[in-house]
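Reader: Could you take me through the reasoning behind the terms used for this model?

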Amino acid sequence: MEINQNARTVLERRYLIRNSQGQTMETVEQLFERVANAIAQPDEKFHPDADPTKTAKEFLEVLTSLDFLPNSPTLMNAGRPLGQLSACFVLPVDDSMEDIFESIKNAALIHKSGGGTGFSFSRLRPKGSTVNTTGGVASGPVSFMRVFNMATEAVKQGGTRRGANMGILRVDHPDILEFIDCKKVNTEITNFNISVGITEAFMEAVERGEEYPLIDPSTNRVTGTLNAREVFDKIVDSAWRNGEPGIIFLDRLNRDNVVPSQGEIESTNPCGEQPLLPYEACNLGSINLTRMVKETVDGRFEMDWDHLGRTVATAVHFLDNVIEANRYPLAIIDQVTRSTRKIGLGVMGWADALLMLGLPYGSPESIQLAHEVMEFINQKGHEASERLAEERGAFPLFEESTLKDGSPLRNATITTIAPTGTLSIIAGCSSGVEPVFAYVFIRNIMDGTEMIEVNPILKRELTRRGLYSDDLMRRIAKEGTIAHMDDIPEDIRRVFLSAHDISPEAHIRMQAAFQDHTDNAVSKTVNFPHDATREDVAQVYRLAYRLGCKGVTIYRDGSRDSQVLNIGKVS
Ligand code: CDP
């Protein structure tokens, strides 16, 4: 099996089974066998004459070729006693002391097993309102977020990976101003990403410059009003300063809620790509698009649609089996998750695939291809889920879902685009649908030597033209982008763009293209140069809203020292 040294290091450090003395008890190859065997097993439940060995072989093939990888908890825990295989959970936080601390306990159990949790704090009564039983005053959502944050901090020590949280507050909650500022001091609430839940009514009030009502969720009474434009500007200002809060469009999320009878979607998982109902979990998996591009006889590259179609079918089968093999941390999560059977199949290596195809990230051609690729994956994914429904039955809530007039589906949602922070390191490709951040890294090794890591596609291109040298690589590492390097041919510079060579508008148009064909949401950060203005940020927010994105996360270069999940770094 071909994997690079970084991938091996990540797997050895975090994913391989260890004994009580800390020695690794399996090889990387055995890890993939363990996962393939465990996830093939559930086939037996549905077919008396099923052959899990054959399925395991098919699964092993897609894993070891790095065509497809399931999310980290599946790699870590499949075929092991813990057996918790999902990356994403949403937990309710109801307005009582019992419910709040129940939620903290449940989050701890999830973090211990490698999952991330999202919460909406919108149901909590505002700060300063009365507590009936004691006559005291309520602390409000932000102060409880600090308690959640501390619990996460403590669990970090013993868990499989550091716990990550999403905290959401509706824009019409009376504590919204405090929430927007709650991460201003960036040593606080560090284990959370935060997003404001934006409503369409709010966006309309912003356009018209009107006041909008704030509502106490415990009484449903209007407690006051705020000027929508001022609140919008405050969100923009805070995001401009340090990247937070993000925003999510609640009405847009709920238009794609396929089982509204089960309640509203109020939150997403930590990185925003997976909207879920309270107590719902979802397992993700990503197809490596660099493996779905083939070389033609005349040395060009093109999409290998056949290969992609087959990989999607295997991936959907795999992810549906994960639901069966999964050991959920709570009985209620098991029950809610199985009633919709959501899966989240997405992609990684998109930017690298574009480099192979010679298309600049963000160009009209690249956005057109994003539509074609994701539409194809979504379509093939739905077909695979339909075939599974014929064999195994539709998801239990199908008849009360918005999908009931179409063909029965095994899974209420099929597609999600994850950040693939660790998966992309394992697969050795660019992460998710993000552009390439840097083409060259120089690492200093302890004995004083340096290691130069170069994007494999750039390396191949420069080597092919006889231009590759360590000196040039050092210069690229220093400059961060090759866009202005005159000694590199123009046709290479035009295609090999870095995140900061791409306009924020092109970032959001790429996100919107993928969102158009994705059941759940798309993990994407829009990068701004350091000198971007607040108005630049505001424009991207408005564009994202108009284009039907489900949320926006921005980051202005150099505006923060550290963040909860550093995409591209092992967390
Ligand atoms: O690449 P990998 O499967 O490790 O994860 P990812 O695609 O970067 O993140 C997918 C989801 O996993 C995130 O949205 C979180 O829900 C969860 N996650 C987490 O809980 N803790 C982390 N340290 C990283 C990811």
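Author: Gladly; the ligand comes up before the strands. This is a predicted model, in which local features need pLDDT of at least 70 and side-chain atom pairs count only at pLDDT 80 or more, while totals for chains, interfaces and linings use all residues. Residues are numbered from 1 along each chain as its sequence is written, and side-chain values use heavy atoms, with hydrogens and water left out.

Reader: What makes a residue part of the group that surrounds the ligand?

Author: One of its heavy atoms must lie within 4 Å of the ligand. By that rule 20 residues surround the ligand, and the closest include Ser-72, Asn-269 and Glu-273.

Reader: Why is the pair formed by the ligand and Thr-420 called a polar contact?

Author: A polar contact is a pair of N or O atoms within 3.5 Å. An oxygen atom of the ligand is 2.7 Å from a polar backbone atom of Thr-420, so the pair qualifies. The ligand alone exposes 520 Å², of which the protein buries 97% (Shrake-Rupley method, 1.4 Å probe).

Reader: And what about Arg-162?

Author: A polar backbone atom of Arg-162 is 3.4 Å from a nitrogen atom of the ligand, so this pair meets the 3.5 Å limit too.

Reader: How do you know that β2 and β3 pair?

Author: Two strands (DSSP runs of E, at least two residues) pair if DSSP finds at least two bridges between them. Strand β2 (residues 88-91) and strand β3 (residues 116-120) have four, in the parallel sense, so they pair. Cys-88 has Gly-116 as its bridge partner in β3, and a polar backbone atom of Gly-116 is 3.1 Å from a ligand oxygen atom.

Note on methods: Polar contact = N/O pair within 3.5 Å; in protein donor to acceptor, adjacent residues only side chain to side chain. Buried < 20%, exposed > 50% of the residue type's maximum accessible area, 1.4 Å probe, protein only.
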